[in-house]
Amino acid sequence: MNQITHWIDGKPWLGDAARRGRVFNPATGQQSGEVDFATVDEVDEAVAAAQRAFPGWRSTSLSRRSTALFSLRALLASHVDDLAALVTSEHGKVHADAAGEVARGLEVIEYACGIPQLLKGEFSEGASTGINVHSLRQPVGVVAGITPFNFPAMVPLWMFPLAIACGNTFVLKPSEKDPSASVYLAELVAEAGIPEGVFNVVQGDKVAVDRILTHPDIAAVSFVGSTPVARHVYETAARAGKRVQALGGAKNHMVVLPDADMAEAAEAAVSAGYGSAGERCMAASVLVAVGGCGDALVEGIRRRVDGLEVGPGTDPKSEMGPLITAEHRDKVASYLDIGTEEGATVVIDGRGRRVNGDENGYWLGPSLIDDVAPTMQVYRDEIFGPVLSVVRVESLDDALALIRANGFGNGAAIFTGDGGAAQRFETEVEAGMVGINVAIPVPVSYYSFGGWQGSLFGDLHVYGPDGVRFYTRGKAVTSRWSRIGEHHASLAFPNAAASESR
Ligand code: NAD
């Protein structure tokens, strides 16, 4: 049995045997490993290691930090397939998709390699006579990341490369459902020559998370996961005086206007709705068919789904793998009954899908529910699986109002050939990430990723320029090097004009 441990102070750390979880291969339903669940003491060990490493790492030159990140980038780039295979074995997504998530993580390391440029401050010579002012950004200390099951490599990579590039040390608490990718990343970090204690991993559940949220030596917490947990993380960590960014769940709308190329829109909906079995926070979940284009859209999706290969992620022919657990698969499938009871029409029922794989795998084929109304539970809940809903509306106004009234605001996309409509959508839509004829608008690493409404608690988004701001504190320095005796001391509040007139 594969034993998945913590990683503390540059080495594997065997946990307390009393607290362990089971890890499964979702394509076979077989247990593949056991993961240690951290106790409060073990979280404290990891934080202490990060705390010890902080002074040395913080004062390591930008040039050395950047060189270490270049090494990490090179190492990860040469191990994409190995890490992707590990992701597939515990998450279930198909290999190409897993390799894609590693590639998006690599892009964040590439951005972090430019840290000397990113941390450049400002300088004003002669703000007042003899007075210069400059600003700098400094690391916050020990920071923690808490990550979800659906991107076990990419989401940690959204956080820690930039956090450590900024001079912080890091404690990662990955999902207990697919924990191995985090240990693999920790091994690469060590191989890249990044000192012990700079990057630590504690495996586990709520016990570990809640210790992180109140630990006095953790300065900042980045969280990605479901909305109820994001809210808990935000409130608890903020109450404990930490800076927090907590990214939550999603219900992403893909709006299709009647002038769009329907074949292209249907293809995009299938890719965005069923890729990774719909277990993506940027998955298209609701198709909003405007002005009577619903029939053509539904027909296009049906045609494409008929030939869609569902099977183990290790099979190169598979386009969609299993869901993460049997319980989650059953919950997602239950929405097909709920939708029917609510008066919607199940057009494609994935429960009947023949799968080219082990019958004990957590399978559910692509499913489509038409005639969904905003009052229905299938519309309101985040289903997080391969179940797409179609809501039919009359106008772009209706589509925008629908999205505004939805509690989430992660991503939203529009398919149209009308530049004016697209521009209006971009301006008015209540979402943090917008696609125009792009169904999955995940920003590149030199922008930042984050939603609005119930999809984000906090202000700053992850990675990109917001990531640098989140992982650093600003400081403004006002300095004078003239001799004290040359100035008459006034008791008035210092201001440039008064000082000029003296
Ligand atoms: P989750 O909220 O169940 O778990 C996320 C993390 O929180 C895990 O590390 C887990 O161990 C921990 N956790 C779970 N329950 C907890 C509790 N009660 N108290 C403290 N910690 C707890 O999310 P998940 O099922 O792993 O991931 C899927 C969810 O993540 C979906 O809602 C998806 O939309 C969301 N997600 C959002 C983004 C984004 O960028 N907004 C990205 C990926 C996933």
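Here's a short tour of the ligand site and the internal cavities in this predicted model.

**Stop 1: the ligand.** Start by selecting the ligand, which sits in the largest pocket. Now show the residues with a heavy atom within 4 Å of the ligand. You should see 26 residues around the ligand, and the closest are Lys 173, Glu 176, Ser 226, Gly 248 and Glu 382. Colour this shell by class and you get 14 nonpolar, 8 polar and 4 charged residues.

**Stop 2: polar contacts.** Zoom in on Glu 382, where an N or O atom of the side chain is 2.6 Å from an oxygen atom of the ligand. Next, pick Gly 248: here a polar backbone atom lies 2.7 Å from a nitrogen atom of the ligand. Then go to Thr 147, whose backbone puts an N or O atom 2.8 Å from a ligand oxygen atom. How much of the ligand does the protein bury? Taken alone, the ligand exposes 840 Å², and the protein buries 87% of that.

**Stop 3: helix and strand.** Switch to cartoon and highlight helix H8 (206-214) and strand S11 (218-224), the elements that give two or more residues to the shell around the ligand.

**Stop 4: the cavities.** Now leave the ligand and look for enclosed space. A search of the whole structure turns up 5 cavities of 30 Å³ or more. The largest cavity has a volume of about 110 Å³. To find it, select Gly 278, Ala 283, Ala 284, Ser 285 and Phe 384, which lie nearest its centre among the 15 lining residues. The lining of this largest cavity has 7 nonpolar, 5 polar and 3 charged residues.

Terms used:
Residues numbered from 1 in each chain as written. Predicted model: local features only at pLDDT ≥ 70, side-chain atom pairs only at ≥ 80, totals over all residues. Heavy atoms only, no water. 1 Å grid on protein atoms, 1.4 Å probe; cavity = no way out; pocket = protein on both sides within 12 Å on 5 of 7 lines; lining within 4 Å. Points joined across faces, edges and corners; volume = space filled by probe spheres on them. Nonpolar A, V, L, I, M, F, W, Y, C, P; charged D, E, K, R; others polar. Polar contact = N/O pair within 3.5 Å; in protein donor to acceptor, adjacent residues only side chain to side chain. Areas by Shrake-Rupley, 256 points an atom, 1.4 Å probe, with all protein chains shown as cover. Sits in = over half its atoms within 2 Å of the grid points. Helix = DSSP H or I, 4+ residues; strand = E, 2+ residues; numbered from the N terminus.
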